[in-house]
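This briefing goes through side-chain contacts and surface exposure in one protein model. The points are grouped by topic.

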Amino acid sequence: MRAKEKIILFGGIFAYLMAVGVIVVLKHYYFQTQAWDLGIFDQLMWNTARGNIMRGTLEPLSNHFAVHFSPFLFFLVPGYAIFPSPYFLLLVQTAALALGAVPLYLTAKRILKTRFLALLLSLGYLIYPSLHSVNLFDFHPIAFAVPLFLTAFYFLEKKNWLWMGVFLGLAAFTQEEAIIGAGFVGLYLIFTKEKKAGLWVLGLSVLYFLLATKIIMPFAGGGLLRLDRYSQLGHNFSEIVKNVILHPSLFWETIWMWPKLTYIFWLFLPVAFMPVLARRQCILLAPGLAQNLLTMYTPQFSGAFQYDAVLIAGIFFSAVYGIKWLEDNVSTKFILSLSKCSPSTKITCLKIILPVALLAGYFIHSPLSPFNFSQDAMFGSGGEREIFSRMVAKVPPGLSVSAATRLVPHLTGREYIYLLGQEPEPASPVGGSVDMVLFDNEDYFGFDTPEKFREHIQKYADSGKYGAEIIDDRYYILVKKDLLPAPAH
């Protein structure tokens, strides 16, 4: 890599790290992160660093591996033990996503034989709207699948099967659905006449998926719990696959919806729809598109959360091959005539369309675009931060806590913490209720209606167990009376 290329590429990565790193830190600082999912993972890491492996109280089941099989988290435990804070998780995720630009650049340069397009795609990756959505929505281990798959694709192009396998394995470790993506890499290799490597990857992927979903996750007390989001197609994994194949009308009814068509448009617009031209590489997008389009769970096809992490690497890898197909199959003379450029300029239509598409995607659709970025929506108000900080400061270490969603990630360094509404019954006469409760009387997150929220809070008043401190007639701190200091005589 030439010095100029390094400056441009690593300059872009550094700019991403600084801009997005500052934003994710400020979001947490201003209490704009959530119990789901930063709170979940910070408590898991806090417990695991103390030997209580993958235990938490914020998910439906006490062991995270019963909900999602994410052994990749173990690689982060040593760093978390040194810097035990949600900020560590947010920053390491940002760094990993930023560094995905490096293997993408190396892959694009190897395939396209042009530094300009390789740099353009790599910088375009750093301003890709879905990447920003994944990065900004708290912390998720599946986010690490993006740079890991991109690195695996680089070694795939070099036919270095050992290192490709290592990075595919690491990507699979991020979450159980990532192994399906690895299995499709095996299918892709088979279709590209690398049958031996492909069969190995496919076979090991199937074994890993069965081990994770049929043995480890059930042993931990769970399984594929999120299949309820596909209930219109079936009640288990095999039934869903069968119905998609045997009942194509049901398949089309599920995906032929305006919000999903819009979602697809914004996925592909920033890369000028180049993946559509890469017929073989498009197979790598199948599992991610199926996951997000076959569900009726709106966040998965909104483009605003972590769910696009399973697609980003495949989109850019197939975009590289879409560009290659265009270069190989459309004559230079034809391209130049379209772009109305003389041959001496050596600027093709592609070199105009691609940056325009990348910038259009960023400015129109990215949450970090100056047209979309809202300081109030991203960081909230300084006054509220002051109040929340005072509330958190009043919680001693070791006490069990139930709190509103935005308070939870600031209180997860303890064995027992719950999202308000998910804690043990406050009116229980035999104990079991939490020591402290912190909430905003106007924040109903986690409850279907304001009435249900108020019914839940009333249980604390009716129990007679708690004393209350009220701040600004809105923010409440409830403490068990037996924990309050004895009155002075």
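**Surface patch**

Phe237, Val241, Ile245 and Leu246 together make a nonpolar surface patch of about 380 Å². The model is a predicted one. The points below start with this patch and then turn to rings, charges over rings, and salt bridges.

- Leu246, one of the patch residues, belongs to helix α12, which covers residues 237-246.
- Leu246 has a relative accessibility of 56% and therefore counts as exposed, the cut-off for that class being over 50%.

**Aromatic pairs**

- The count of aromatic pairs comes to 39.
- One of the pairs is formed by Tyr297 and Tyr307, which meet edge-to-face, with 6.3 Å from centre to centre and 90 degrees between the planes.
- Both Tyr297 and Tyr307 lie in the loop between α15 (286-293) and α16 (312-329), ten residues apart.
- Tyr297 counts as partly exposed because its relative accessibility is 31%, whereas Tyr307 is buried at 14%.
- Phe388 and Tyr475 also form an edge-to-face pair, because their planes stand at 90 degrees, and their ring centres are 5.7 Å apart.
- That pair links distant parts of the chain: Phe388 is in helix α20 (residues 382-393) and Tyr475 is in strand β5 (residues 475-480), with their positions 87 residues apart in the sequence.
- Phe388 and Tyr475 are both buried.
- Phe41, Phe72, Phe75, Phe139 and Phe144 are linked into a cluster by ring pairs.

**Charges over rings**

- Lys260 places its charged end over the ring of Phe301, at 5.0 Å from the ring centre.
- Arg385 lies over the face of Tyr29, and here the distance to the ring centre is 3.7 Å.

**Salt bridge between α1 and α6**

- The whole structure holds nine salt bridges.
- One of them joins the side chains of Glu5 and Arg115, with 2.5 Å from N to O.
- Glu5 is in helix α1 (residues 3-29) and Arg115 is in helix α6 (residues 115-126), so this salt bridge ties together parts that are 110 residues apart in sequence.
- Glu5 is buried because its relative accessible area is 4%, while Arg115, at 36%, is partly exposed.

**Salt bridges in a network**

- Glu384 and Arg406 form a salt bridge in which the closest N and O atoms are 2.9 Å apart.
- The Glu384–Arg406 pair links distant parts of the chain, 22 residues apart: Glu384 lies in helix α20, and Arg406 lies in the loop between β1 (401-403) and β2 (417-419).
- Glu384 and Arg406 are both buried.
- Another salt bridge brings together the side chains of Glu442 and Arg474, at 3.6 Å from N to O.
- Glu442 sits in the loop between β3 (436-440) and α21 (450-463), and Arg474 sits in the loop between β4 (466-471) and β5, so the pair ties together parts that are 32 residues apart in sequence.
- Glu442 counts as exposed because its relative accessibility is 52%, whereas Arg474 is partly exposed, with a relative accessible area of 24%.
- Through salt bridges that share partners, Glu384, Arg406, Asp440, Glu442 and Arg474 are joined into one network.

Key:
Residues are numbered from 1 along each chain as its sequence is written. This is a predicted model: local features need pLDDT of at least 70, side-chain atom pairs count only at pLDDT 80 or more; totals for chains, interfaces and linings use all residues. Side-chain values use heavy atoms; hydrogens and water are left out. Patches are made of residues with over 30% relative accessible area and no salt bridge: like charges are joined within 9 Å, nonpolar side chains (Val, Leu, Ile, Met, Phe, Trp, Tyr) within 5 Å. Accessible areas come from the Shrake-Rupley method with a 1.4 Å probe; for residues, only the protein chains shown count as cover. A salt bridge is a side-chain nitrogen of Lys or Arg within 4 Å of a carboxyl oxygen of Asp or Glu. Helices (H or I, at least four residues) and strands (E, at least two) are DSSP runs, numbered from the N terminus. Buried means under 20% relative accessible area, exposed over 50%, partly exposed in between (1.4 Å probe, protein chains only). Rings of Phe, Tyr and Trp (its six-membered ring) pair if their centres lie within 6.5 Å; planes under 30 degrees apart count as stacked, over 60 as edge-to-face and the rest as tilted. A charge sits over a ring if NZ of Lys or CZ of Arg is within 6 Å of the ring centre and within 35 degrees of the ring normal.
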